Amino acid sequence: MKEEKTTKKHRGWVIFKRITGVVLILIFLVVAAAGALVGYLSLREYKPGDIEAVTVEGEGGKTVRFGEEITVLTFNTGYGALDAGEDFFMDGGSGVNADSVEQVNANIAGISGIISEVDADVVFLQEVDRDSNRSKHVDQAEIYAGLEADDSFAYATNFRCDFIPYPIPPIGKVEAGLVTLSKFQTLEAERIALPTTYTWPVRVAQLKRCLLLERIPIHNSDKQLVIVNLHLEAYDDGEAKIAQTQELANVLKSEYEKGNYCIAGGDFNQFLPSVDEDRYPVINEEYFQAKVLDGSLFGSDWNFLADDSVPTARLLNQPYDPSDSSTQYYMLDGFITSPNVSVNLVQTLDEGFEYSDHNPMLLNVTLIGEENIEESEE
């Protein structure tokens, strides 16, 4: 009897050791695979320079003149996948990637229709994919570049990673950035890197935020119109947004001190100082909350422009339902212009978040002639 008990105990111990061995091997393989992936992504990490030249395609035949109206449209396009029927895992939803190529193409067609109908002189687009799993590898930048044959086109990468391993299913490959379309002749364009607080290894799968800056000549003047397309940090603890806003302020103030005229627009992921925060209060503190951009970084007399009568963004914790009182709205998009730019109109276009989780915003301005600036200073 004792021998039988000893044999059973021995067999149980052998089985336990074998199971433990298999589990340890599986853990080792998972850790090794994760280490190999991190190593590979680290070697392949996108590391742009502080300032890089950007190729501008097309000429743009229109001339900037003092006293003539200039229209600018900004639109975060949600990479063609964040239409009214979608939610997103980072906002408390479950969605990760687009459902189909047809969905992406339909959204891009809708966004393109809005751009063509508005027919602005300058168009700032954010979250434009070129080769990403999340948008079925549709080259959206190429589509936007072909909207108007006479417009110039510039693209700056701000998100490039061979494989983003989270969540489940994973985001996978991403190649995306900022697009600026312009009817004006561009002298040069630059990609200006923005600071980040992300550290290795998280950094390798994060956006590399930037400004897309273009210089446009002004008729009968040695000064320039400087236009800046931007998309600042979203899901950080706030430090990155502050640092990136400071860099934006440094760039714009430097250009203004040269006598140039500045128009910056895009997705700030913050309320601009001119916005009435009470219009869109926080409903659930567990989700993304927008802070107020520090206007003091820019000095006095700068214009912070947003039409807060219509929200420019919604939380993606659920598909869009305008009748749901728990729907969280934001004012994340807008414009900043230098004091020598006269503002005629700023208007949020209410598109009902049909094609993106953002609504576009339109700006109409006039550059104050140099002689008028001198008179106002006197």
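This section describes a seven-stranded sheet, the helix packed on it, and the aromatic contacts of a predicted model.

The sheet is open, and its seven strands follow the order E1-E7-E8-E9-E10-E14-E11. Pairing within the sheet is mixed. Strand E1 (51-53) lies at one edge and strand E11 (303-305) at the other, each pairing on one side only. From one strand to the next, the twist averages 20°. In general, strands of a sheet pair through backbone hydrogen bonds, in either the parallel or the antiparallel sense. The antiparallel sense applies to strand E10 (residues 261-267) and strand E14 (residues 333-337), which are joined over five bridges. Within these two strands, Gly266 is placed opposite Gly334 of E14.

Helix H4, spanning residues 239-257, packs on this sheet. The helix touches strand E7 (188-193), strand E8 (210-217) and strand E9 (224-231), as well as E10 and E14. The direction of H4 makes about 160° with that of E10.

Aromatic contacts were examined next. A search of the whole structure returned 12 aromatic pairs. A pair of aromatic rings is described by the distance of the centres and the angle of the planes. Tyr320 and Tyr329 form an edge-to-face pair, with 6.3 Å from centre to centre and 80° between the planes. Tyr329 also pairs with Phe353, the ring centres being 6.2 Å apart. The planes of Tyr329 and Phe353 meet at 25°, so this pair is classed as stacked, the cut-off for that class being under 30 degrees. The Tyr329–Phe353 pair links distant parts of the chain, 24 residues apart. Tyr329 belongs to strand E13 (residues 329-330), whereas Phe353 is in the loop between strand E15 (341-348) and strand E16 (361-367). Both partners are buried: the relative accessible area is 18% for Tyr329 and 1% for Phe353. Tyr329 is counted as buried because its 18% falls under the 20% limit.

Elsewhere, ring pairs connect Tyr256, Phe298, Trp302 and Phe304 into a cluster. Of these residues, Tyr256 falls within the range of helix H4 (residues 239-257), and Phe304 within that of edge strand E11 (303-305).

Arginine side chains are also placed over tyrosine rings. Arg134 lies over the face of Tyr79, at 3.7 Å from the ring centre. Arg160 is over the face of Tyr46, at 4.6 Å from the ring centre.

Notes. Residues are numbered from 1 along each chain as its sequence is written. This is a predicted model: local features need pLDDT of at least 70, side-chain atom pairs count only at pLDDT 80 or more; totals for chains, interfaces and linings use all residues. Side-chain values use heavy atoms; hydrogens and water are left out. Two strands pair if DSSP finds at least two bridges between them. Helices (H or I, at least four residues) and strands (E, at least two) are DSSP runs, numbered from the N terminus. Axes are lines fitted to C-alpha atoms, for helices over the stretch in contact, and angles run from 0 to 180 degrees between N-to-C directions. Contact means heavy atoms within 4.5 Å. Rings of Phe, Tyr and Trp (its six-membered ring) pair if their centres lie within 6.5 Å; planes under 30 degrees apart count as stacked, over 60 as edge-to-face and the rest as tilted. Buried means under 20% relative accessible area, exposed over 50%, partly exposed in between (1.4 Å probe, protein chains only). A charge sits over a ring if NZ of Lys or CZ of Arg is within 6 Å of the ring centre and within 35 degrees of the ring normal.
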